[in-house]
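Open the model in your viewer and keep the selection box at hand. We will go stop by stop.

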Amino acid sequence: MGFFSLSKKNFSLNGRKKYVTLTIENKENKKQEENKHIDNNPTGLWIKCPECQEILYKEDIENNLKECPKCNHYFEMTARERIDLLIDNGSFVEEDANLFSQNPLDFPQYEEKNKKAQIECEMNEGVISGVGNINGIKVSIAVMDFRFMGGSMGSVVGEKITRTMERGLKEKLPVIVVSMSGGARMHEGLISLMQMAKTSAAAEKLRAAGIPYIAVPVNPTTGGVTASFAMLGDIIVSEPKATIGFAGRRVIEQTIKQKLPDEFQTSEFLLKCGMVDVITERKEMKATLHKILRNLVG
């Protein structure tokens with residue numbers, strides 16, 4: 001399909017002078033020319049900040065702890081990036097890396113989605129756990145990764161979180177869990193929801209034994225993860241402007257028939273309500289956790 005464009009070139013036809021000619025340009029050819037120009041540009045090198053809409057060089061973001069240099073918006077960190085941020089170099093030892101999710105409900109395409117996530121994220125599941133040092137203080141730590149199926153909590157995620165807590169209980173180590181999740185993994189149904197009770201029971205065992213548990217919910221932490229281990233820490237630490245909540249904003253507003261505050265379900269709002277204890281900048285997170293640990297374990 002084409003469109004007409006005007007040309008001012010004059011020419012004679014049967015002795016008559018023609019002032020304007022109509023030529024047909026092919027839209028497809030024009031589109032190919034435009035795409036050719038686009039294709040010559042490097043791909044994957046730039047990223048748009050969702051907060052300030054600035055187009056940023058991706059490498060600059062990665063070298064700035066995934067923080068926008070223009071407006072200080074925090075981009076999501078992977079689990080391994082977060083471990084590199086918090087744990088002393090060379091001290092981290094991963095545990096339970098050989099656990100894989102099954103498909104207990106024969107949920108359609110679940111195995112394919114899981115396999116795709118494993119390849120893209122280079123992880124077996126949506127959380128990495130192990131032991132390491134924070135400025136010399138040994139901790140049992142688990143860090144979730146939102147890239148892996150939205151950080152959803154299935155049987156393996158719940159098991160690894162529980163084992164992280166049990167490891168702290170057994171070895172008398174403070175426990176830190178960094179949460180980043182959309183909630184329970186629907187593909188595993190009730191088995192996924194059971195992880196809420198299992199992780200909550202493990203957190204209670206830590207409390208009863210006097211083992212410090214620091215919960216670090218970051219953006220976003222929602223659903224069943226918020227309703228269980230993510231908000232059960234002795235101390236709850238978060239980052240600025242993190243979204244933390246259970247049900248979605250629209251669901252709540254439609255249920256209670258009220259307009260919620262603009263800052264609702266942000267870490268700052270939860271701090272005002274007493275549900276979060278500390279909000280710290282990402283670059284200060286390790287120092288903040290170390291200060292808390294030093295006061296808790298002596």
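**Confidence**

This is a predicted model, so colour by pLDDT before anything else. The protein averages a pLDDT of 89, and 85% of the residues score at least 70. Select residues 1-13: here the pLDDT is below 50, yet the stretch has 34 contacts in the model beyond near neighbours in sequence. Now select residues 33-41. The pLDDT is again below 50, but this stretch has 0 contacts beyond near neighbours in sequence. Where pLDDT is low, the predicted coordinates should not be read in detail.

**Residues 49-71**

Select 49-71. An unreviewed UniProt entry places the feature "zinc finger region: C4-type" here. In the model, 22% of this segment is helix and 13% is strand. Its end C-alpha atoms lie 9 Å apart.

**Helix α3**

Move on to α3, residues 79-86. Which of its residues are buried? Show the side chains of Ala79, Arg82, Ile83, Leu85 and Leu86. Look down the axis of α3: these buried residues fall within an arc of 160 degrees, so they line one face of the helix. An α-helix has 3.6 residues a turn, so residues three or four places apart point the same way.

What do the buried residues of α3 pack against? Select β8 (127-134), β9 (137-144), β10 (175-181), β11 (213-221) and α10 (285-297).

**Phe92**

Step into the loop between α3 and β7, where Phe92 is found. Its relative accessible area is 22%, which makes Phe92 partly exposed, because buried would need a value under 20%. Draw a distance from its C-alpha atom to that of Val131. The separation is 5.7 Å, although the two residues are 39 apart along the chain. Then show the contacts of Phe92, leaving out residues up to four places away in sequence: Ile83, Ile87, Ile128, Ser129, Gly130, Val131, Gly132 and Ile141. Ile83 in that list is also one of the buried residues of α3.

**The sheet**

Switch to cartoon view. An open sheet of 7 strands runs in the order β7-β8-β9-β10-β11-β12-β13, with mixed pairing. Which strands stand at the edges? They are β7 (93-95) and β13 (278-279). Each has a single partner strand, so one side of each is left without a neighbour in the sheet.

Zoom in on β13. Strand β12 (residues 235-238) runs parallel to β13, and 2 bridges join them. Val237 stands opposite Val278 in β13.

Next, select β10. How many of its residues are buried? The count is 7 of 7. Val175, Val177, Ser179 and Ser181 point one way, while Ile176, Val178 and Met180 point the other way. In a regular strand the side chains alternate between the two faces of the sheet. Add β9 to the view: β9 and β10 pair in the parallel sense over 4 bridges. Ser140 has Val175 in β10 as its bridge partner.

**Thr222**

For the last stop, go to the loop between β11 and α7 (223-226) and select Thr222. Is Thr222 buried or exposed? Its relative accessibility is 19%, so Thr222 counts as buried. Its side chain reaches the backbone oxygen of Gly182 at 3.2 Å. Leave aside neighbours within four places in sequence, and Thr222 is in contact with Ser181, Gly182, Gly183, Gly245 and Phe246. Ser181 takes you back to β10, where it is among the buried residues.

Methods
Residues numbered from 1 in each chain as written. Predicted model: local features only at pLDDT ≥ 70, side-chain atom pairs only at ≥ 80, totals over all residues. Heavy atoms only, no water. UniProt positions renumbered as here; feature names shortened; annotations may be inferred. Buried < 20%, exposed > 50% of the residue type's maximum accessible area, 1.4 Å probe, protein only. Arc of directions from axis to C-beta. Contact = heavy atoms within 4.5 Å. Polar contact = N/O pair within 3.5 Å; in protein donor to acceptor, adjacent residues only side chain to side chain. Pairing = 2+ DSSP bridges. pLDDT = per-residue confidence, 0-100.
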